[in-house]
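Welcome! Have a look at the sequence and the fold below, and then we can walk through them together.

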Amino acid sequence: MPRPEREATTLKAIVQDVYGPADVLELRDIDRPVPGPDEVLIRVRAAGAGPDVWHLMTGLPYPARLVFGLRRPKNPVPGWDGAGVVEAVGPGVTDLEPGDAVHGECRGSFAEFALAKAGRIARKPDGLTFEQAAAVPCSGVTALQALHTRAGLRPGQQVLVIGASGGVGSFAVQLATAHGAEATAVCGPDAADFVRSLGAVDVIDYTREEITDRPRRYDVVLDAAGNRSVSLLRSVLTPHGTLVRVGGEGGSQWFADAGIRLEMGLRSLFGGPKLRGMLAVVRRADLQTLDALIDKGELTPVVDRTFPLAEAADAVRHLENGHPQGKVVVTVAGPGD
């Protein structure tokens with residue numbers, strides 16, 4: 001009788017040994033991880049590429065290395081967004097089982113298999129491809145928490161989304177519209193029709209005008225670009241409006257956006273508009289909120305372009321230089337593909 005095939009103990013993954021540009025990313029064989037308590041092993045079918053991947057790859061800003069690793073990445077496999085199929089579950093996981101299609105935050109999703117905390121993934125909506133599902137977690141949750149948790153968005157409010165055509169921005173425009181607010185999108189000229197298709201009622205082309213050129217004031221400003229001063233952003237808010245800066249863009253390599261956050265905190269002490277920064281945390285409850293909107297047709301994850309796993313370096317280059325409309329996604333071949 002033929003011997004049964006032994007389960008593979010290695011997998012293909014994108015690996016980096018040092019910090020640097022996209023050239024440091026290499027496709028290699030690594031050991032297959034084993035899920036621990038409250039963890040799930042996912043056979044990855046698609047992984048989202050966002051600014052988080054770039055920061056881990058470059059190790060910038062430098063203070064991030066206190067978390068990622070001083071000399072080299074502690075986790076050499078990049079990627080946080082992932083979608084795929086549960087392969088195995090660790091001790092304590094009772095609400096997911098092998099074969100479930102899921103998406104959420106994975107540790108090292110640029111690989112054939114990745115580990116995820118059970119509380120940071122949710123079942124994939126049936127109507128989404130794995131590529132679409134991989135676009136949701138980090139960007140969608142960031143937009144949701146920025147608008148709802150940090151800004152307390154209400155129906156009828158005026159919302160300005162800066163960086164509206166990117167991963168976070170494309171979700172923010174749709175979420176504001178779904179909540180009964182009116183979204184004005186700030187983007188380049190090539191993305192004007194795209195953001196209008198997402199629900200933006202007005203568009204500001206940043207190559208032709210600044211956000212201060214119009215007399216309109218906004219109840220909420222979501223800044224996903226990070227290239228404008230706090231005073232300029234504050235000037236377009238209503239007296240009781242809220243500015244939310246997402247991520248850590250716009251600061252220096254050494255001090256990140258610490259100075260910007262300090263300025264926002266000091267200005268907030270004197271009343272007026274609320275100035276808030278944030279770093280999102282992916283949780284199952286927020287994923288389920290987004291998934292419910294997707295199921296109702298009120299939210300659609302937009303994939304700008306896909307790259308196979310072996311071309312992950314090109315995906316990051318496109319993220320840096322291609323002005324993507326929506327999310328860049330890396331695909332991983334599954335059984336039979």
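## Contacts and surface

Among contacts in the protein chain between residues at least 6 apart in sequence, what percentage join residues at least 24 apart? In this predicted model, the share is 65%.

The protein chain has 337 residues, and 52% of them count as buried. Its exposed area comes to about 15500 Å², with carbon and sulfur atoms supplying 52% of that area. If you like to count elements, you will find 10 helices and 15 strands in the chain.

## A parallel sheet

Let's turn to one of the sheets. Here 6 strands form an open, parallel arrangement, in the order 10-9-8-11-12-13. Strand 10 (202-205) and strand 13 (274-278) each have a single partner strand, so they stand at the edges with one side left without a neighbour in the sheet. From one strand to the next, the twist averages 15°.

At one of these edges, strand 10 pairs with strand 9 (residues 182-187) over 4 bridges, in the parallel sense. Valine 186 is found opposite isoleucine 204 of strand 10.

## Helices on the sheet

Helix 4 (residues 137-150) packs on this sheet, where it touches strands 8 (158-162), 11 (218-223), 12 (237-246) and 13. The direction of helix 4 makes about 150° with that of strand 13.

Helix 5 (residues 167-178) lies across strands 8, 9, 11 and 12, and runs at about 170° to strand 8.

## Rings and charges

How many aromatic pairs does the structure hold? The count is 0. Rings do meet charges, though: the charged end of arginine 32 sits over the ring of phenylalanine 113, 4.3 Å from its centre. Lysine 124 likewise has its charged end over the ring of phenylalanine 130, at 5.1 Å from the centre.

Conventions:
Residues are numbered from 1 along each chain as its sequence is written. This is a predicted model: local features need pLDDT of at least 70, side-chain atom pairs count only at pLDDT 80 or more; totals for chains, interfaces and linings use all residues. Side-chain values use heavy atoms; hydrogens and water are left out. Rings of Phe, Tyr and Trp (its six-membered ring) pair if their centres lie within 6.5 Å; planes under 30 degrees apart count as stacked, over 60 as edge-to-face and the rest as tilted. A charge sits over a ring if NZ of Lys or CZ of Arg is within 6 Å of the ring centre and within 35 degrees of the ring normal. Helices (H or I, at least four residues) and strands (E, at least two) are DSSP runs, numbered from the N terminus. Buried means under 20% relative accessible area, exposed over 50%, partly exposed in between (1.4 Å probe, protein chains only). Contact means heavy atoms within 4.5 Å. Accessible areas come from the Shrake-Rupley method with a 1.4 Å probe; for residues, only the protein chains shown count as cover. Two strands pair if DSSP finds at least two bridges between them. Axes are lines fitted to C-alpha atoms, for helices over the stretch in contact, and angles run from 0 to 180 degrees between N-to-C directions.
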